[in-house]
Amino acid sequence: MTPGAAAGGRAPLGLIAGGGQLPLEILADLKARGEPVLTIAIKGETEPALAAQADYELGWGQIGQLFKALHAAGCDRVILIGGITRRPDFTSILGDLGTMRRLPTIVKAMVGGDDSLLTRVIRIFEGENLQVVGVAEVAPGLLASGGVISGGALDVGSSEDMHLAYQAVRRLGELDIGQAAVAVGGRVIALEGAEGTDAMLQRCADLRANGRVRAKGAFGVLVKAAKPGQDLRVDLPAIGPRTIDLARAAGLAGIAVEAGRSLIAGRAATLAAARASGLFVYGLARPQEAEEQA
């Protein structure tokens, strides 16, 4: 049987896994429900625990082999999940004629910001008659719910900081820059750039340590949200146990994520860490959703 091929004639879902725990969680969810899946690990990005059980482990210079494997297994849908820490390196394309043939299209996709890159990557897959699907279609239970997810009700200060940081994230996203911001005491103190959320939170801890941000006790909120107009099939904002640790080290009171459009990786461990740290986790509704619920 072809690796990942389905019994009973169902076409397997192609799971193309980047870094982090989310690909592992989605794979486990699919397997628990008996869904056929072909797993392809990205060399140098995928967690070792997933790479060890993947049907294939391919580098960026093996795009031809990637599509060959998907088509051979009968896949008609794929999900692209997990972090990519660096832009693709195609120096190893020699010998993979499929990559060389597609190289002009691939190089063109590399131009622009993150959103334009992801949109063009999706078009490459669609050009191969493969439908790109998102977490909402494959494992909706992994998406963040609305309202208090962990901790108690928000006080007035935290609520104001949360909404201010959310507005900052929306403006940031309009420029296709980042998905996160931190507000403390009615002031935005950090915006996420190319360095990512973890490094941004470390900057927040430094600001507090050197006295640039003065707040007694846990104060301030990290907000993560999808960019306006973002294709929700790829690159959803996510938090995990390390986010909790870094938010605590930065002296924050809590974290808010956009409900239905964000992921909580390692949910049990993440929420346990939040409870142990005294941080709240909140699912923030988009403005139009809030109006509909009012």
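A cavity, in the sense used on this tour, is a set of points where a 1.4 Å probe fits but cannot get out, and its lining residues have an atom within 4 Å of a point. The model open in the viewer is a predicted one.

**The cavity.** Begin by selecting Val 184, Ile 189, Cys 204, Arg 208, Val 213, Phe 219, Ala 250, Gly 251 and Leu 252, which together line the largest cavity. The volume of this cavity is about 40 Å³, and the count of cavities of 30 Å³ or more comes to one. Sorted by character, the lining of the largest cavity divides into seven nonpolar residues, one polar and one charged.

**Met 200.** Keep Ile 189 from the lining selected and add Met 200, whose C-alpha atom is separated from that of Ile 189 by 9.9 Å, although the two are 11 residues apart along the chain. Met 200 sits in helix α8, which covers residues 197–209, and with a relative accessible area of 0% Met 200 is buried. If residues up to four places away in sequence are set aside, Met 200 touches Ala 180, Ala 181, Val 182, Ala 190, Leu 191, Glu 192, Glu 195 and Leu 222.

**The aromatic pair.** Move next to the one aromatic pair that the structure holds. Select Phe 67 and Phe 125, whose rings meet edge-to-face, 5.1 Å centre to centre and with 65° between the planes. Phe 67 lies in helix α3 (residues 63–72) and Phe 125 in helix α5 (residues 114–126), so the pair ties together parts that are 58 residues apart in sequence. Both Phe 67 and Phe 125 are buried.

**The salt bridges.** The whole structure contains nine salt bridges, and one of them can be found by selecting Asp 29 and Arg 33, where the closest N and O atoms are 2.7 Å apart. Asp 29 is partly exposed at 26% relative accessible area, and Arg 33 is likewise partly exposed, at 42%.

For a bridge between distant parts of the chain, turn to Arg 286 and Glu 258, with 3.5 Å between the closest N and O atoms. Arg 286 is in the loop between β13 (280–284) and α11 (287–293), while Glu 258 is in strand β11 (residues 254–258), 28 residues apart. Arg 286 is buried with a relative accessible area of 17%, and Glu 258 is buried at 0%.

As a last stop, select Glu 126, Asp 231 and Arg 233, which salt bridges with shared partners join into one network. Within this group, the side chains of Arg 233 and Asp 231 meet at 2.7 Å, N to O.

How values were computed: Residues are numbered from 1 along each chain as its sequence is written. This is a predicted model: local features need pLDDT of at least 70, side-chain atom pairs count only at pLDDT 80 or more; totals for chains, interfaces and linings use all residues. Side-chain values use heavy atoms; hydrogens and water are left out. On a 1 Å grid over the protein atoms alone, a cavity is a set of points where a 1.4 Å probe fits but cannot get out, and a pocket is an open set with protein on both sides within 12 Å along at least five of seven lines; lining residues have an atom within 4 Å of a point. Grid points are joined across faces, edges and corners, and a volume is the space filled by probe spheres set on the points. Ala, Val, Leu, Ile, Met, Phe, Trp, Tyr, Cys and Pro count as nonpolar, Asp, Glu, Lys and Arg as charged, and the others, Gly among them, as polar. Rings of Phe, Tyr and Trp (its six-membered ring) pair if their centres lie within 6.5 Å; planes under 30 degrees apart count as stacked, over 60 as edge-to-face and the rest as tilted. Helices (H or I, at least four residues) and strands (E, at least two) are DSSP runs, numbered from the N terminus. Buried means under 20% relative accessible area, exposed over 50%, partly exposed in between (1.4 Å probe, protein chains only). Contact means heavy atoms within 4.5 Å. A salt bridge is a side-chain nitrogen of Lys or Arg within 4 Å of a carboxyl oxygen of Asp or Glu.
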